[in-house]
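Work through these short exercises with the model open beside you. Try each task before you read its solution.

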Amino acid sequence: MSRRKRQNIHLLSKMCFTPLTIMVYLAFVASGPRRIEAALSCTDSTECVALYHPNSRCVKNSCSNPFSSGCLFNMNTTTAAQNDVHFESVRVCNSDDPPHALEKGLCRLSKFNYTELRINVGNWETTAFYAWVAQILLSELLDVPVSLEIGHGIDSSKPTLNFYDEENSFPYATTAYDYASLREGNRLSDCLSTNDTSVPCSHAIMEVWNGQTSLLASENTAGHIEPAEGNGMVGKLGWYVPSFVIERHPEVSSFWGLQNQREKMASMFKRPYTWEKYCQLLSPTNCSSSFYDGVARRWPETDAERGVYYKSQLYTGHFADTAKNNCTANPTTCSGHIVDAPCSWSTNLEQQAFWNDIYLESDGPNEPNDSYSYGQMIQILRAANETKSNIIMWWWKPDGLVLEFAGTDAELHPVTLPPASEICVAKRVGPGVNGRCSSDISVRRGTKAGSCDNDHHALKKVVCSRLYSDTYDVSPPRRSPAYDFIKSIQVTDLEMEDMLKHWALRGVDKYGYDGRDAVCTWVRDNLDDLQRFIPRGYPRTLDGRNRYKESYMYAAMAMGIVALIVVFSTTFVTYHQRDTRILRLANVQFLILMLIGFSFVSLGAILFATQPSLVSCTMRQWLVTIGYTLGLVPLVVKVGAINKLVRSARKMKRVVLSRKYLFQVVLSIVTIAIIYLIAWSIVDAPTRTEEWNLSEKDLDFITVNVDCSSRYQFWVYITLAWEFMLCLSACVLSVQARKVAQEFNESHLLFALAFSHFAFLSMRAVTQILSSTGSASVRAAVASFLLSSDVLTAISIYFIPKFIIIAKKKPTALKKVTISGMSGVSGASDFSQGGSEAFQSEAGGRRAVILSEANARAKEIQPAAAPSNTKRQVRWVTGWSKNGQSAPSPRLSLSKTTFPQHHQKKEEDSDESSISINNDIESSEESSHDTQQSQHQLKLERVQDDSQSQVDRIKHDASTQKRGIVALRGDEGNEEEKEELCSSTESSDEQFYQNAKIP
C-alpha cells in the first residue's frame, strides 16, 4: 500500500472509524513480515512531522527518530503544558549510539560516570518494550547509560534495538534467553571492557517465562545470576485458535474435541507453504507476473522473499495438504498441523499433544522440534487470517499480536488443556539440549505426568550476581542506582497491554517508530507513578560549581604571585650588590641558590591555587620539594663548614674547604630529592582526583572536592619528613655556630629561618593530615597561603636585614681608648659598619680586645708611683673604604720593654682570667704597701701570660678562618688579592706579635 493511502487511513481512523473497522483494516494494512528496519520513506520533513512527531526530520529519504535525543526531552514540545513534564537536558549516551551522537548533541556523557547497564532482550515485543521503559528512566532520569543486547555484542556495524536509534531500527534478538551473555556480564562487570566486542554481554533480562525455571535454578547455583524475581506481569502460555475457526469448529476450543481425532485433525489443519514452495509446486501460473493466480502476484525475487509465508499485497499465503495430512496413505501417522515455537522458548507442545492423543505436529524449518521462528509464526497467522484458513498455534499473553486482532474474527482464544498442577509442572520437560531441544523426540515428549495445561504465572526478571557487589562496593556518593532500580521496577500485564494497544492501533510504522511512540507516551503519562521505583536519594544533583574559581583561590594565587615578584626582586638586588662585603661573606652563589629555591616554592604556591590536573599535581610536589631543598641546604652546608673551621681552630688543626666541594655537597643532597621525586612520578604520580560527598541535609545532592593525590599517601609524608629533617639540621647547626666569630656568625638568622620554616611546615602537615575532611579547594588555598607566607617570611628574616645595612653605607669610627697609669696604654680604632656593630677584619678585633683588656688590668694593679720608664702605649688602627670593601688588615703597635717572664700559665677563657684578676686586686688593697708591690709584680706577669695565651689562640683561629672563609664566601674579586690574603696570614700575625712588646 502506498504511503499516501496509509496516511489517509491513519487520519480517517482518528476521525470516525469504529475500533472494529480500524482493527479489520489494520489486519490488512499493517500486516507484514518481521522487519529489521522500518523507517518511513519521505521526500520532505513535513511528511515526517505529520506522521511521526514535530521533531522528526526527513534524512536520506527516511523519517528520523524524534526521540533520538530523549523521550521525555522531546515530549516537552507537545505535552509539557498539559502534564507539567519538562526536561532541560538530553539523555546520556550509550554504546549503541553512533560515534557522531555526542558531537551532534543527541546525547551527553554521564555526569556521574556510572558503569553502563546492558539489558538482554528476547525475540518478542513485550521484552523489548519492558527494556525500553527501563532504558528511558535510567538514561533520562538517573543518568545511567543503558544499551540493549540482542545477540551480536557491541557491534556498531549491525542494527541495534536502541530506543534512541536514529533510523528507528527494530531488529529481533537471535535467541530468546541468552544466558551466555549474562555469564559474560558477570565475568566482566563492565561489558565495555571486553576485548571482543562481538561476544554478547549483558547484566539483566527483564522478562523470563516459567518454562525457564530449571535453567534459572542451575545458573543461580553456579553463581552467575541472583534468584529470579517477579517483573510485575502475569503471563499465559498455551494453544490458541482464531475466532473464525471456533465459529466453524467449536469443539477445538477444548482438548476434549481434539483427542483421538486423527483424520479430522489432518483434514482440518493443513500445512502452510512458503512463497517459493507455492510457486514451484502449486501455482497454476508458476507465479507469473502477467497472470495473478489470486495468491502470488509474482515470483519471489530475493532470498528473504523465498522463505516467507506471507507478504502483504504480494503473497497472501497458502495452506495445503501434504503427505503428512494423507490419512489414506498413512492411517497411523497422519496428522494435522500446529504452529510450534522454537525449543528455546517455554513450549511443551510436543509433550502435551502426544500424551493427550491430539494428532497435531509442527512442520517448520527449525530443528529439532520442526518449529517456526517468531517472525514466521506471525506470517502464518496473518496468512491464515488473509485466507481464512484453519490454524491452531502455540502463543502467549500478553502480546501485541493478540491485542492487534482483538475484536476481529481473527481474535485469538486459548484452547483448554488438562488443568495444571504443581506435580504436572514439576514433571514437564525442561529446557536445553537434554530437554526440549534434544534431538531425541522421546526426550522431548517426556512423560504423561507433565502434559497438563500452562497456568497463569508471574513472569520473572534476573540480574547477574556481580551487579550487586559492583554497586555496593562503591562509595555511596558514586553508587549507581541501576541495580536497585532494576530490582524494584514492576510493569503489570495491564500496563503492558496499554503499550501494546497503542502500538497496534497506531499503524503507521509498526516495526519502527510506532513501538517507540507507544512506550514513550506511556512513560510520560505514568511518570508520577513510575517515580516510586526510583531509589531513595536519586536522581542526584551534582554541585557544578568550580570551587577553584572562588575569591579565596584568587587571593591565594595573588599572594603567590607577590611572593614570586619579591623573590625576583631580592635576586636582582642580591646580584646587583654582590660585591658588597656583607654579601661576599654570606657567599653570593649560595644566596642565589636559596632564592632559586624560594622561587620554586612560590611557583608551587601559585599551582596550589589553580585547578588540579595531571601536570599541575605533579609539578606542585616537584616545585615545593626542590624549592625547600634549595632554600635550606646551601645555608646548612655553609654554616656547617664554618662550624667545622671553628672546631678545627680550637684543636690547633689546619682545615681546607674548597668552594667546589661545598657545591658538590649541595648538588648531592638535591640529587637525592630529585631521585625520590622521579620514583614517585613513575610509580604513583600525583594526579587529579575527585572526592564526592553526599550532603548531610539532602541525600540527592553531591558536593565535589577536586584534589591531587596518589594511591598511597606515604609519598607526601616522606616529603614532609624530608623538610622537617632539613629544618632540624638548620636548628642544630645554628646552636653550634653561636661561638663563631661575629663577622661570620649567622646563627641567630639561621635559627630564626629554621624556626619559621618549621612553623609553616607544621601547619602544612596539619593540613595534609586533615585532607580527608573539609573542602579540597580550601585546603589547597591554605597550603598556597602557607607557602607564600613562608617565602616572604624567610626573605624578611635573612635578606632584608642585609639590604638595610647595605643601604646605610656609612662608616662608623671606632671609639678611642686611652689607658693611663703605669702602662700608659692608649688605643684608637675605626671600622666600617658594613656588616654589624662588631664587624671587624678577620680576627684582628678579637686580638685588640684581649690586649686592651690586658692593659686595662695592668692599669688596675699599677702602683701609684710608677717609674716613668714603665710607660707604654698601645695603638689599634684600622682603615675602611668608602666603597664598602674590606680595608687592609689591622695592625697593633706597642712599645716598651717586655716584663721578665717568671712562669707561663695558659687559660682558655679570658673572662675567667679577668674575674680572677679582679679578685686579686680586691685582696691586695687590704695588704701592706710592701706586700702590694710584690703582688703587683706577680699579677703583671699573670696578665702577660694570659694575654700571650689568648694571642696564640686567636692567631691560630684567624689563620684558619681566613683561609676557610676566603673559600666559603666565593669572592669574585682579584684572585691575586685572595692568594696574598691567605699566604700573608701567618706573616702578618708574626709581625703583630713582634710589635706587641708586652712587659
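Three exercises follow, each with a worked solution.

This is a predicted model, in which local features need pLDDT of at least 70, side-chain atom pairs count only at pLDDT 80 or more, and totals for chains, interfaces and linings use all residues. Residues are numbered from 1 along each chain as its sequence is written, and side-chain values use heavy atoms, with hydrogens and water left out.

**Exercise 1.** Find Asp 143 and decide whether it counts as buried or exposed.

Solution.
- Step one: go to the loop between helix H6 (125–140) and strand S4 (146–149), where Asp 143 lies. Helices (H or I, at least four residues) and strands (E, at least two) are DSSP runs, numbered from the N terminus.
- Step two: check the backbone. Asp 143 is not a glycine, yet its phi is positive, about 65 degrees.
- Step three: apply the cut-offs. Buried means under 20% relative accessible area, exposed over 50%, and partly exposed in between (1.4 Å probe, protein chains only). Asp 143 has 5% relative accessibility, so it counts as buried.

**Exercise 2.** Do the same for Asn 286.

Solution.
- Step one: look in the loop between helix H11 (275–281) and helix H12 (303–306).
- Step two: Asn 286 is not a glycine but has a positive phi of about 55 degrees.
- Step three: Asn 286 counts as partly exposed because its relative accessibility is 45%.

**Exercise 3.** Which peptide bond leading to Pro 368 is cis, and where is Pro 368?

Solution.
- Step one: the cis bond runs from Glu 367 to Pro 368, with omega near 5 degrees.
- Step two: Pro 368 sits in the loop between strand S10 (360–361) and helix H14 (374–387).
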